[in-house]
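Reader: Hello! Could you take me on a close tour of the ligand site in this model, one contact after another?

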Amino acid sequence: MRDETCIFCKIANGEIPSATVYEDPDFRVILDLGPASEGHALILPKNHFKDVCDLDEETAAKVLPLAAKIGAAMKKSLGCAGFNLVQNNGKEAGQTVFHFHVHVIPRYEGGPSIAAWECQPANADKLAQIAEQIKSALS
Ligand code: 5GP
Ligand code: ZN
């Protein structure tokens, strides 16, 4: 389950060196080369999945506990006040490397700030209609 053209496959499997903070048979956790804050890490499965929709259930079940473990270690070791888990799917959603990964971004008192979305107004009818649209596509 490797893609020979994928840089995260190479990093996750140790063919390209990285600042690794954690490794087990399924995952490598590395520091991001372009961090949003000090300690910004990426959780990479060793197998290639292009995004969350492609992920197998076994790997998926392990990702959130691992993210919590990394975040807790960041709070202990880096003194961050909290952390964000960010996971982008698709170019329009900001995904630039098409090998599933989870960002673990430490957040410190005093910043740096990280851009958030702007809330848009919505009304109850519109929310109900959109909820129906999504529900109808769930199988
Ligand atoms: P995405 O935008 O796909 O959610 O996140 C990709 C992330 O991978 C970016 O934050 C980017 O800085 C990071 N990145 C891209 N190439 C490399 C690399 O070769 N090594 C490391 N450590 N991070 C990378
Ligand atoms: Zn890959």
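Author: Happily! For sorting residues by class, Ala, Val, Leu, Ile, Met, Phe, Trp, Tyr, Cys and Pro count as nonpolar, Asp, Glu, Lys and Arg as charged, and the others, Gly among them, as polar. With that in hand, and keeping in mind that this is a predicted model, let us look at the shell around ligand 1. By class, eight of its residues are nonpolar, seven are polar and one is charged. There are 16 residues around the ligand, and those that come nearest are Asp32, Asn88, Gly94, Thr96 and His103.

Now for the polar atoms. Two of those nearest residues, Gly94 and His103, also take part here. For Gly94, a backbone N or O atom sits 2.8 Å from an oxygen atom of ligand 1. In His103 the side chain does the work: one of its N or O atoms is 2.8 Å from an oxygen atom of the ligand. Leu31 joins in through its backbone, where a polar atom lies 2.9 Å from a nitrogen atom of ligand 1.

How much of the ligand does the protein cover? On its own, ligand 1 has 520 Å² of accessible area, and the protein covers 80% of this. As for where the shell comes from, helix 1 (7-12) and strand 2 (27-31) are the elements that give two or more residues to it. Helix 1 supplies the largest share, with three residues.

How values were computed. Residues numbered from 1 in each chain as written. Chains lettered and ligands numbered in written order. Predicted model: local features only at pLDDT ≥ 70, side-chain atom pairs only at ≥ 80, totals over all residues. Heavy atoms only, no water. Near = heavy atom within 4 Å. Polar contact = N/O pair within 3.5 Å; in protein donor to acceptor, adjacent residues only side chain to side chain. Areas by Shrake-Rupley, 256 points an atom, 1.4 Å probe, with all protein chains shown as cover. Helix = DSSP H or I, 4+ residues; strand = E, 2+ residues; numbered from the N terminus.
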